[in-house]
Amino acid sequence: MTSRLVLKELKAGFKATNKFPVTEKTSPVSKATAPKLMGDVMTLGSISATNNFCKPNKRLEKPPRGERALVEVRSMLRGTNSVAQVYQNTFRIFSGQSKVYHCDFFRLLYFPPEHFLSVFRKSKPAVNVRIVGEVFLNGNVSKSQGRSVANTAVYARGSRIEGYGKSQDVSNLKQLQNVFANDGSNVPRNYAYLRRSLRASLNKWFIQHWMALQGPQAVEEQIRRQGEAGSSAQWQYLDAQGRSKTSVAKDGFYLFQVLVFPDKTTKQEFKANVARGVKTVADLEWDDFLRSKSNKSRTWVQECNDRVRVPVMNSYLANDQMPRVLRKLQSSRAK
């Protein structure tokens, strides 16, 4: 006997775009469902005609024509509801098996659609970018008075250590930090515009590769499959259990824990690692990935979900005024 967590709607028909979790019929993030940017029809003359306060130097810049579609799609990406994240952090419900990719720039954690964090995702797929690194000068320190003090070497050596990214990891650079002490902050994460740029760029690179691996098509097939229960139809992107086939991008919740920001010298390398991270998730074999290391009869996702106390979670939802209620459904066979 196994169980799964589902969200039930309390107030039928109550909709609030991008605020509440997805449902089984929610469409995937794709170019077909992306809204059109006002920038396609907005000109300086049209703005001035309706807004007397508009000045030429206040005009918003448009993205390059070839990237506008990606900007539209990126704008649809959301994360998971904060209620679920608060619950996870409060009760320490973590699993090392969610970590699927690690490079010197970031760690990627992936949570399948059945995981309680993914149940609360607000788009298909959902993406969250958390900045966990505090690397002095973004690691761009190579030499000091002819001696190698390579902060990048410290960062490369420590980036694969759990908990890496704290300021003490670069304590050997205190002399340099003192030199720059009166020159403002030299840690990129302390600047809002850099955090905003990082999230925008990472989301754009992520969704570009997720769509290239037929992620939207797989989600659309899952939606159609829900309406054809018992159908013996052959699906192009789904396996016999209705899950994305190997090499097809997977729906779910993707969490990027960023250690070092991309800059003009590492942007392409960072982007390449995002692509490899998405491909790594797509190539996961479901049965191998979900298999628990401690319990052969349950998946690690089921173990995490079993630790969720439904009444407590529902009290969190009520306090957040979310018209949803969490239910635990029993199933006679494993998924």
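Helix H9, formed by residues 267-282, lies across S2, S3 and S7 and runs at about 25° to S3. The model described here is predicted. The strands that H9 crosses belong to an open sheet of four strands, and a second helix, H7, lies across S4 and S7.

**The sheet**
- The four strands are arranged in the order S2-S3-S7-S4, and their pairing is mixed.
- Strand S2 (99-102) and strand S4 (126-131) are the edge strands, each pairing on one side only.
- From one strand to the next, the twist averages 20°.
- Strands of a sheet pair through backbone hydrogen bonds, either parallel or antiparallel.
- S2 and strand S3 (residues 106-111) run antiparallel and are joined by three bridges.
- Opposite Arg107 in S3 stands His102.

**Helix H7 on the sheet**
- H7 covers residues 192-212 and runs at about 145° to S4.
- Besides S4, H7 lies across strand S7 (253-258), and S7 is also one of the strands that H9 lies across.

**How H7 and H9 pack**
- Two packed helices are described by the angle between their axes and the distance between the axes.
- For H7 and H9 the angle is about 45°, and the axes are 9 Å apart.
- H7 is therefore oblique to H9.
- The crossing of H7 past H9 is right-handed.
- On the H7 side, the residues that meet H9 are Leu198, Leu202, Trp205, Phe206, Gln208, His209 and Trp210.
- On the H9 side, the residues are Lys267, Phe270, Lys271, Val274, Ala275 and Val278.
- Sorted by class, this contact of H7 with H9 has nine nonpolar, two polar and two charged residues.

Methods:
Residues are numbered from 1 along each chain as its sequence is written. This is a predicted model: local features need pLDDT of at least 70, side-chain atom pairs count only at pLDDT 80 or more; totals for chains, interfaces and linings use all residues. Side-chain values use heavy atoms; hydrogens and water are left out. Two strands pair if DSSP finds at least two bridges between them. Helices (H or I, at least four residues) and strands (E, at least two) are DSSP runs, numbered from the N terminus. Axes are lines fitted to C-alpha atoms, for helices over the stretch in contact, and angles run from 0 to 180 degrees between N-to-C directions. Contact means heavy atoms within 4.5 Å. Angles under 35 degrees count as roughly parallel, over 145 as roughly antiparallel, 65 to 115 as roughly perpendicular and the rest as oblique. A crossing is left-handed if the near helix is turned anticlockwise from the far one by less than a right angle, and right-handed if clockwise. Ala, Val, Leu, Ile, Met, Phe, Trp, Tyr, Cys and Pro count as nonpolar, Asp, Glu, Lys and Arg as charged, and the others, Gly among them, as polar.
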